[in-house]
Amino acid sequence: MSTILTHIAITDGKIKRSSLEVLSHCKSLADSSGASCEAVVVDANASSFVEGIQKYGASKVHVVEDPIFKNHMNTPLLKALSKVMSAVNPSVFAFASTEGTKDILGALAANQNAAVIADVSSFDLIDGGVTAKRPVMAAKIMNNTEAKSDKVLVSVRSGSYDLNEASVTAEVNTVDFSMDDSDMKATLREIISASGDTIDLNEAEAIVAAGRGVKDEDGKALISELASILNAGIGASRALTESGVYDPSLQIGQTGKVVSPQLYIAVGISGAIQHVAGMANSKVIVAINKDPDAPIFEVADYGIVGDLYKILPPFIEEIKKIKG
Amino acid sequence: MKFYICIKMVPDVYAPIQIKEGELIMDADRMVLNAYDASAVEEALVLKEKHGGEVEVVCIGPAKASETIRKALAMGADKATHILATGDEEYDSASYAKILSAFFKDKEYDVIGLGKQSQDTDSGLTGSMVAEHLSLPYTTNAVGLEVENGNLVVKRQGDTGQEMIELPTPCAVTCSNDMNDPRIPNLKGIMASKRKPIDQIEISSLGLEEASLQAATKVTSYEEKPARQAGKKYDGEADEVARQVAQLLDTEANVL
């Protein structure tokens, strides 16, 4: 029986939602193909996540627990994943396409002599391998890519699949792991996190995103107020992170974060392809822009043509009233 | 510091694209230096200007790629190697990584730099594959580079924020285009580039079996992105439309 293995990413002490989306899809692939659905979690507290993982159908969870995984570093993560992959020998090893994954995916494929398809919107099993759809050419178009190999790595864009609970009691496999100091050539000197309070854009149910139209502190204040009453994360277009108005970690787009919240409010964003590629999977899109021809209106479910400085105050007030 | 920057010639993503029966139709003349690689070249040049050293570029591509290589030389790179490939081989990231790794096997360098992904495939795999083949410490998605005590200090965009990572040399790094604005070659640079050497080599000279380079992944077709349906546009008195849409988000969309 072959195995479909899903990597479960942990960020800030929580299971990344996008990993569970991938696991849900892998579970359905395993069910329909008669394969075993398994998961691997690599973290300083890896064993504490087994309960959350088995809810989504992994019948076996490989746990690699070590304090070295407190912060992301590619060397130990690669070593752990290589070890598990060699032992489990999955026909498919799937990941959420996080920055952590991007840091090691190619190296893991090379290490394990596996085929790899990165950053896909969807994937399925075919005879001898995997077929996937993925955005290319700066996300202007899609292509279909096939990987024929007995080992295929796949990374999946967030929001590509729905969560599907399928509770099982998983068998836990605790994997022995240790790193020699001599193996660690790189040093993580520090992490400058975008303020600890900010809502993780990948997990946020709602996001308010600011674009070039947000010109000043008053504009930023309106964005913050709207985000606050919606309990939303704050994101920004590339223009605003490049100019330093918002931190680069808040950039939403093809080269920034790809998000898929229930509600996405684009404020003063024109809707360039690269930005849309980062949020097109959102359930409901609202756009506020004073240019009626802005491309953002082509993807918005609700498009408000107007000056954001005039629209946001009554918009915020009305939402406050509705939420009571 | 000796930098080797891997560069790729890619289609201009701003050029019109057509898809006919699953095939991609583009203007074959509109090819450019991959923007992410341009950032890698630029940062290497900045560090060379600051700390001294050399910047060499290496490019796998057809004859036409010499134009892309000239651009990097015109920016200020010192010399280049052009590894000839016809373009019909349908190489994937792994194939490119094997070729580059074979090229680097007998070379001396401090830093191998690459763009973090190429604009045509957006795969982002080759850099870490090369690092793995060459057993180099590496990091990816660099938004800043510095040299300190002979080490490379990288500011990297991670999942939780910006990470400062120190790499001993030799090492590899993949670069985000958020790192800088690559310089546009000036006339002096363009003239100088014509005198800089481009060493042309065949893949076969790298001692690789063609069979080992066969791509495990293959693009079978292209298609348009599924269009998201546009919803409704609300135009009118600001106060009115703002409140109207807020209400709809509650009653119709159910997202409040």
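**Strand β1(A), a sheet shared by two chains, and the A-B contact**

In this predicted model, strand β1 of chain A (residues 3-8) is largely enclosed by the rest of the structure, because 5 of its 6 residues are buried. The strand has two pairing partners described here, both in chain A. With strand β4(A) (residues 36-43), β1(A) forms 6 bridges in the parallel sense. Within this pairing, A:Ile4 lies opposite A:Cys37 of β4(A). With strand β6(A) (residues 92-96), β1(A) is joined by 3 bridges, and these two strands also run parallel. Here A:Thr6 faces A:Ala94 of β6(A).

A further sheet includes strands from both chains. This open sheet consists of 6 strands in the order β15(A)-β14(A)-β16(A)-β17(A)-β18(A)-β15(B), and the pairing is parallel. Its edges are formed by β15 of chain A (233-236) and β15 of chain B, each of which pairs on one side only. On average, neighbouring strands of the sheet are turned by 20 degrees against each other, with direction ignored. Helix α5 of chain A (residues 217-230) packs on this sheet and touches β14 (206-210), β15 and β16 (263-267) of chain A. The direction of α5(A) makes about 175 degrees with that of β14(A).

The step from chain A to chain B in the sheet is made between β18(A) and β15(B). Strand β15(B) covers residues 232-235 of chain B, and 4 bridges join this strand to β18(A), the two running parallel. Two residue pairs illustrate the arrangement. A:Ile304 stands opposite B:Tyr234 in β15(B), and A:Val305 stands opposite B:Asp235 in that strand.

The contact between the two chains can also be described residue by residue. In total, 73 residues of chain A are in contact with 71 residues of chain B. On the side of chain A that touches chain B, at least two residues each are supplied by helices α4 (99-112) and α8 (308-323). The strands that each supply at least two residues to this side are β7 (115-120), β9 (129-136), β10 (141-148), β13 (187-193), β17 (284-289) and β18 (302-305) of chain A. The largest share, 11 residues, comes from α4(A). By residue type, the side of chain A that touches chain B divides into 38 nonpolar, 18 polar and 17 charged residues. Strand β18(A) thus appears in both descriptions: β18(A) supplies at least two residues to the side that touches chain B, and β18(A) is bridged to β15(B) in the sheet.

Key:
Residues are numbered from 1 along each chain as its sequence is written. Chains are lettered from A and ligands numbered from 1 in the order in which they are written. This is a predicted model: local features need pLDDT of at least 70, side-chain atom pairs count only at pLDDT 80 or more; totals for chains, interfaces and linings use all residues. Two residues are in contact if their C-beta atoms, placed from the backbone, lie within 7 Å. Ala, Val, Leu, Ile, Met, Phe, Trp, Tyr, Cys and Pro count as nonpolar, Asp, Glu, Lys and Arg as charged, and the others, Gly among them, as polar. Two strands pair if DSSP finds at least two bridges between them. A residue is buried if 20 or more other C-beta atoms lie within 10 Å of its own, exposed if 12 or fewer, and partly exposed in between; C-beta atoms are placed from the backbone. Axes are lines fitted to C-alpha atoms, for helices over the stretch in contact, and angles run from 0 to 180 degrees between N-to-C directions.
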